[in-house]
Amino acid sequence: MKILFMGTPDFALPTLRELCLAGHEIVGVVTQPDKPKGRGHHLTPPPIKVFAIEKSIPVYQPLTLRGEEFEQTLKSLDPEMIVVVAYGKILPQNVLDYPKYGCVNVHGSLLPEYRGAAPMQRAIIDGKTVTGITTMLMAAGLDTGDMLLKCEVEIGENDNFEDIHDRLSEAGAKLLVKTVEKLEKGEITPEKQDDSKATYAAKIEKSDCLLDFSLDAKTLHDLIRGLSPIPLSFTHTPDGKLLKVVESRIFDAEKTVKALPGTVLSVGEDIKVVCGKGILSLLTVVPEGKGRMSAADFVRGRKIAEGALLR
RNA sequence: CGCGGGGUAGAGCAGCUUGGUAGCUCGUCGGGCUCAUAACCCGGAGGUCAUGAGGUUCAAAUCCCAUCCCCGCAA
């Protein structure tokens, strides 16, 4: 199959890799332009570009897919199918319509739930125990296309975003390859999404990341792991310094303590914090201006004491 | 030239503003107490204070200069 691949971050990497291994002809890779990244704002190529160059696949980084220029590119490559995984731009109708087998997208949720930008994070934050991958034929709306194949992935009680991200990106790669095979043989009947059951997973905002200890321990734990290791949830120590939380555990889900939520109950190997309901144990943190360290190390540096209020 | 923090004992840090004996919480080793312990008490080992036969000074972890490295934010 002559496939044009469109994707940008690490999440898309396994899919491109598996497509290559499956022996498909990747006629080109479309990815976002290099962007200033990291300390010093050096221009950094997206992971997909790095991989494509290694494999000697032609790379295209158009500023826009609209207009003559990309239309010409598309015609010259003449793909039979376009595979899109976390590309980061909206595909215009003329692109959607071009390939014989259509544009197939890998989405990190069990559609129609969690359409949108941050399906994995939102599923964890909501405390879901199962999520998955859906492949679909892309349509004009946001993640509204007809569904092709699905596979489920369990979310463990302490799994974080990274765990789920890695698991789903691998699962997505396998499912996509399978989808391509079956689609080519005409073995899939696309299934319409039930719009009435659709939910939307909005992009993570900074305001989503502030820990509100008046919530219960389970909710906070889910938020912390859903945002870890990026962008990380945060609170503030009494001196006003930022304190990000990388890893937590529910110490006690039910116990209510007569103290202001956010109060540090004890320090030692972990930092136990009073919540609206229950007690949360912080295990790994990132203090302002520092790197990640265990709660025990943070405590040894005498950066926090029993009775301190986090807010 | 995006903004900022930092490099001091195995770990996490203080000390630097106002130069003058290397300090804290842990860990580690030895001893003690205890029915017992990750608890408690006593004692010890362990540091070129990132680098520079740099600058200033009677004297530099501390002030000045240069270089290297690490990290957070922002994107």
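Hi everyone, this is a short walk through a predicted model of a protein with an RNA strand.

Some housekeeping: local features need pLDDT of at least 70, side-chain atom pairs count only at pLDDT 80 or more, and totals for chains, interfaces and linings use all residues. Residues are numbered from 1 along each chain as its sequence is written, chains are lettered from A and ligands numbered from 1 in the order in which they are written, and side-chain values use heavy atoms, with hydrogens and water left out.

Let's start with the sheet. Seven strands make an open, mixed sheet, and the order is β5-β2-β1-β6-β7-β8-β9. At the edges sit β5 (59-60) and β9 (147-154), each pairing on one side only. Strands here are DSSP runs of E with at least two residues, helices are runs of H or I with at least four, and both are numbered from the N terminus. Two strands pair if DSSP finds at least two bridges between them.

Inside that sheet, β1 (residues 2-7) runs parallel to β6 (residues 81-85), with five bridges joining them. Met-6, for instance, has Val-84 of β6 as its bridge partner. Helix α3 (residues 68-77) packs on the sheet and touches β1, β2 (25-30), β5 and β6, and its direction makes about 145 degrees with that of β1. Contact there means heavy atoms within 4.5 Å; axes are lines fitted to C-alpha atoms, for helices over the stretch in contact, and angles run from 0 to 180 degrees between N-to-C directions.

Just a little further on, Ala-86 lies in the loop between β6 and α4 (93-97). Ala-86 is not a glycine, yet its phi is positive, about 45 degrees. As background, most residues other than glycine have a negative phi, and most peptide bonds are trans.

That brings me to two cis bonds: Ser-228 to Pro-229, with omega near 5 degrees, and Ile-230 to Pro-231, also with omega near 5 degrees. Pro-229 is in the loop between α7 (217-226) and β10, and Pro-231 is found in that loop too.

Next is a hairpin. β10 (residues 233-236) and β11 (residues 242-252) are antiparallel, paired over four bridges, and His-236 partners Leu-242 of β11. Five residues lie between the two strands, and Gly-240 in the turn has a positive phi of about 90 degrees.

Now the RNA. Which residues are closest to RNA strand B? They are Arg-39, Lys-206, Lys-244, Asp-297 and Arg-300, among 17 residues that surround the strand; near means a heavy atom within 4 Å. Of the RNA atoms that come within 4 Å of the protein, 59% belong to sugar and phosphate. β3 (35-37) and α8 (295-300) each supply at least two residues of the surface near the strand.

For polar contacts with the RNA, pairs of N or O atoms within 3.5 Å, I picked two. A polar side-chain atom of Lys-244 is 2.6 Å from a phosphate oxygen, and a polar backbone atom of Asp-297 is 2.7 Å from a sugar or linking oxygen.

Lastly, Lys-206 also has its charged end over the ring of Phe-234, 5.5 Å from the centre. The rule is NZ of Lys or CZ of Arg within 6 Å of the ring centre and within 35 degrees of the ring normal. Thanks for listening!

Definitions and conventions:
A polar contact is a pair of N or O atoms within 3.5 Å; within protein, one must be able to donate a hydrogen and the other to accept it, and residues adjacent in sequence count only if both atoms are side-chain atoms.
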